[in-house]
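Please work through the exercises below with the sequence and the model at hand. Each task is followed by a solution in steps.

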Amino acid sequence: MPLRVEIPMSGPPTRRVLLDQVHSVICNRIKDGEEQYLVRWKTDSLPQKPPLSWHNINELARCLEHVQDYLDARTKSPREVSALSNLSKKRKSPDSDLDVTRRPSPFEHRLNIASRTPSTERSQSRSNTPSVINDRSSSLGVYNGVLDSEDGFVYARSSSEPSVAVIDLRDVPTPEMQQTARRSKTDRAHIMIRAEYDRRLKKVPGKPIHLVNTFDSTTPSLRFRYIKDYELQEGVYKLDPTTQEGCQKCSPHMGRDIGCEYTKKCDCLEYAAVDESRLTTSKLQQEYRESRESGGSSIGLPKKFPYFAEGTKIQRVGTLVPFYLHSRRPIYECNGNCKCGPYCRNKNVQFGRTVELEIFKTASGRGWGLRCKQDLAEGQFVDTYRGEVITDAEATRREESSSKAKASYLYSLDKFQESEGLDDSEIYVVDGEFMGGPTKFMNHSCEPNCRQYTVSYNKHDCRVYDIAFFACRDIPAGEELTFDYLDKEEGDDDEVQEVSPDAIPCLCGTAKCRRWLWT
Ligand SMILES: C[S@@+](CC[C@H](N)C(=O)[O-])C[C@H]1O[C@@H](n2cnc3c(N)ncnc32)[C@H](O)[C@@H]1O
């Protein structure tokens, strides 16, 4: 009689192992010339006796995440593994809102780590069919067996073959299994993981994103989903789009083919920087003084328009003007409720990335990095930062359950915290670790070539806005794109900072390197 292992199968029975039914991959071996991996199944009914079975790598195409976790853990040194298990709290807290008059600016970034699965085992198997535990025995054992799916269940049949190893499950993977695992090739698994990642990259909308790794056979984590927009998680609220009033007095052509560049009228630009050089009459200067003193509306005053539009070299059209490029002022774009129409020049970041990017493995131990396949002009938009938007409490929880040994993907949306009098607990955080866009791979440099900017399409929403990266100088194709995780203002570098014991050494290699990340 076959032994029924209680692993419910969703949908039609399949030989392919499903991600949500697998607990972890714990060992590997070569059997009959094939790469095999020992899968530990999830089970509620046999917590002391987790069902295990060997599978050819081809059968694991639907749970490559687990294979990748296993391979990653396998390559980690014991020191790294112990660093992974040490909890530590780290939150990158960059500058405040120096030249923002109405609303301030910080930016934040934190370190997170995914839990890793353990390693390895061994066992003899009759063919390339899997092995499984014997549930009938009071002792725990791994048996050479056959695993079949039928009627929504996985059936394990013990093998009658005499050479079958019986092993106490509490010792799995045994030292012998681990030794065999270390000697066994894992090339096919690496190839399949890479192919799966490439397949997912191809589905990302917009210009292509490529993956290049000339150093080793690793691939960025498959436990990552490319998303186009923020994913708001529990407890996070975004103002209803109807509150994005949009500019009502503007129109697509307010003369000379110009729309919202007539900034005095544009409601969307109400909180944008006033263009002091155009306050040419005493009346305008008086109005400006009054609006600053009272914090009242600045509609009617000329504003700095964020993007080059008319009368510039073609390659500059649409790039950030120097005023915004060198300041921390938020950029207020027009939105879908505006009267200025779809081609308004005050719409840019919201249309998304237009450049072809390449994720690549860096040579200097900084993990993956990002570069652009084409030349970028100073002020050119690269892409936004995407991820789950979570509450501050959830971010703290994730941070506390993570280790300093892995990359940080947390950004606080606290640009307007000070000006709006928001508590720390009211601030949302973007976590780009498990879902997001290619900008999650942008590394830090103390002399960066890009900078992050706050871009808002709804001047009333001070809690959910976009983080957008722009080139802060001309960047030739192929140069790594970096930004300063602390985004300090001139002069801040002189402050003496205490270095935390958890600080990560900065490997940016620039002349002005501050030596540590986030300090
Ligand atoms: C947002 S991730 C950047 C992508 C990351 N390199 C990866 O492979 O996923 C930030 C992490 O990258 C690493 N990193 C970025 N810039 C670095 C630098 N200048 N020096 C050392 N490590 C850096 C740190 O581990 C940091 O926590």
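The exercises treat two strands and then the ligand.

This is a predicted model, in which local features need pLDDT of at least 70, side-chain atom pairs count only at pLDDT 80 or more, and totals for chains, interfaces and linings use all residues. Residues are numbered from 1 along each chain as its sequence is written, and side-chain values use heavy atoms, with hydrogens and water left out.

**Exercise 1.** Determine how strands β2 and β3 are arranged.

Step 1. Strands are DSSP runs of E with at least two residues, numbered from the N terminus. Strand β2 covers residues 22-31, and β3 covers residues 34-41.

Step 2. Two strands pair if DSSP finds at least two bridges between them. β2 and β3 pair in the antiparallel sense over eight bridges; Cys27, for instance, has Leu38 in β3 as its bridge partner.

Step 3. The two strands form a hairpin with two residues between them, and Asp32 in the turn has a positive phi of about 50°.

**Exercise 2.** Explain why strand β2 is described as largely enclosed.

Solution. Buried means under 20% relative accessible area (1.4 Å probe, protein chains only). Eight of the ten residues of β2 are buried, so the rest of the structure largely encloses this strand.

**Exercise 3.** Identify backbone polar atoms that lie close to nitrogen atoms of the ligand.

Step 1. A polar contact is a pair of N or O atoms within 3.5 Å.

Step 2. A backbone N or O atom of Arg366 lies 2.6 Å from a ligand nitrogen. For polar backbone atoms of Leu507 the distance to a ligand nitrogen is 2.8 Å, and for His444 it is 2.9 Å.

How values were computed
Buried means under 20% relative accessible area, exposed over 50%, partly exposed in between (1.4 Å probe, protein chains only). Helices (H or I, at least four residues) and strands (E, at least two) are DSSP runs, numbered from the N terminus. A polar contact is a pair of N or O atoms within 3.5 Å; within protein, one must be able to donate a hydrogen and the other to accept it, and residues adjacent in sequence count only if both atoms are side-chain atoms.
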